[in-house]
Amino acid sequence: MDKPKADKPKVVLGVSGGIAAYKACELLRRLTESGHDVRVVPTASALHFVGAATWSALSGNPVATEVWDDVHEVPHVRIGQHADLVVVAPATADMLAKAAHGLADDLLTNTLLTARCPVVFAPAMHTEMWEHPATQENVATLRRRGAVVIEPAVGRLTGADTGKGRLPDPAEIFEVCRGVLARGVTAPDLAGRHVVVSAGGTREPLDPVRFLGNRSSGKQGYALARTAAARGARVTLVAANTALPDPAGVDVVRVGTALQLREAVLKAAADADAVVMAAAVADFRPATYATGKIKKQDDRDPDPIVLVRNPDVLAELSAERVRPGQVVVGFAAETDDVLAHGRAKLRRKGCDLLVVNEVGESRTFGAEDNEAVVLGADGSETPVPHGPKEALADVVWDLVAARLT
Ligand code: CTP
């Protein structure tokens, strides 16, 4: 049976004035159907796209945009105070700016100022507006204060143009909301911390056109960078050969080879509280690099490729601890006997935490989801069920935060 309304988690769905407002109807439906009491607070501009009758009918609650409606109930204070979660979807550039600067000229912006619960923003706007330094600084400000700002999706925008700025899929926003409600994190627990994340896969060149590489997409490392930024950290992301958009508010350093990655990670690690090595670093590189393209010789067999070892960055970080108390996290992708290999690798590398996951032709590489066990040097084992890479990232940061003193 349906829970009484008073027992349901209270969610405020703020809707600002963008064409993606219609997609918020789907988010609203998912929230109400999964047992949340949702109060929709649209801005006046949002009502140009979807009318108050729709929001009211789908939520079963009254809808107001101004602080002057139902004044006796003091809605500009009450709605925010009583909420368990506020989610703004779509959040326009204007809404992010108002929220970052604490403006309060309508019911939604008043609600954002009075809310003491977690706040999630799902931005949607044209690429130029998203990339503008003003918007990026507003996003960084909101994240530093503990708000979760979801990265916009890349794809078709209003009209014929495409790029970054689409509202993420309502199902994805819903999952983020569920995760935030479950964790109940309101404090930016990594505020004031500097964390370094490596992501992607190194490429070891044979000649100017060929390399030895691997299949890592970098998505897990990017999810770690995004979630750390969302939890208030200053983040340096050392990205090896990724084709992903830069996460907002994150300092991205691009590298190609294992040696370049080592240099960038060690440099950033000098003042870091935690380093997470999510990159797939090549263990070996070709012993020689041909400055001209290697040509095939019809009259003889090809030369064998001679390999030399690359330095193990994770083992080096773990052994040297460039900063006292620094937490070092490794990743292990294994194809079989996953836990046994993981435990042995944790001991061998000497890191504090090792995220172990199973990979194969069709598993994990390039996927949106992941499943893992996080092994601790203290003997702990934290299984993370199949779910979005952000969810695994949040577990990693929970474990890192618990180890930071
Ligand atoms: N790693 C690293 N430097 C390397 C190789 C790996 O820092 N030269 C890091 C990776 O970023 C990852 C972890 O070590 O966090 C696991 O890497 P993996 O290659 O799986 O471990 P290996 O010790 O090489 O074990 P094996 O090849 O036997 O599986």
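Helices and strands are runs assigned by DSSP and numbered from the N terminus, and these labels are used in the legends below for a model that is predicted.

**View 1. Ala282 in the loop between β13 and β14.** Ala282 is found in the loop that runs between β13 (274–277) and β14 (284–286). With a relative accessible area of 16%, Ala282 counts as buried, because buried means under 20%. Val384 is 102 residues from Ala282 along the chain, and the C-alpha atoms of these two residues are separated by 26 Å.

**View 2. The ligand and the residues around it.** The ligand sits in the second largest pocket, and of the 14 residues around the ligand, those that come nearest are Met277, Ala279, Leu314, Phe331 and Lys345. The shell around the ligand divides into eight nonpolar residues, one polar residue and five charged residues. At least two residues of this shell are supplied by each of α12 (313–320), β16 (327–334) and α13 (338–349), and α13 gives the most, with three residues.

**View 3. Polar atoms beside the oxygen atoms of the ligand.** A polar backbone atom of Leu314 is 2.8 Å from an oxygen atom of the ligand. Two lysine side chains also take part: an N or O atom in the side chain of Lys345 is 2.7 Å from an oxygen atom of the ligand, and a polar side-chain atom of Lys349 lies 2.9 Å from an oxygen atom of the ligand. Taken alone, the ligand exposes 580 Å², and the protein buries 77% of that area.

**View 4. A cis peptide bond in strand β3.** The peptide bond that leads from Ala89 to Pro90 is cis, with omega near -5 degrees, and Pro90 has its place in strand β3, which covers residues 85–91. For comparison, most peptide bonds are trans.

**View 5. Asn241 and its positive phi.** Most residues other than glycine have a negative phi. Asn241, a residue other than glycine, has a positive phi near 55 degrees, and Asn241 lies in the loop between β11 (234–240) and β12 (251–255). Its relative accessibility is 28%, so Asn241 counts as partly exposed.

**View 6. Arg321 between α12 and β16.** Arg321 is not a glycine, although its phi is positive, at about 45 degrees. The place of Arg321 is in the loop between α12 and β16, and both of these elements supply residues to the shell around the ligand. With a relative accessible area of 24%, Arg321 is partly exposed.

Note on methods: Residues numbered from 1 in each chain as written. Predicted model: local features only at pLDDT ≥ 70, side-chain atom pairs only at ≥ 80, totals over all residues. Heavy atoms only, no water. Near = heavy atom within 4 Å. Polar contact = N/O pair within 3.5 Å; in protein donor to acceptor, adjacent residues only side chain to side chain. Areas by Shrake-Rupley, 256 points an atom, 1.4 Å probe, with all protein chains shown as cover. 1 Å grid on protein atoms, 1.4 Å probe; cavity = no way out; pocket = protein on both sides within 12 Å on 5 of 7 lines; lining within 4 Å. Sits in = over half its atoms within 2 Å of the grid points. Helix = DSSP H or I, 4+ residues; strand = E, 2+ residues; numbered from the N terminus. Nonpolar A, V, L, I, M, F, W, Y, C, P; charged D, E, K, R; others polar. Buried < 20%, exposed > 50% of the residue type's maximum accessible area, 1.4 Å probe, protein only.
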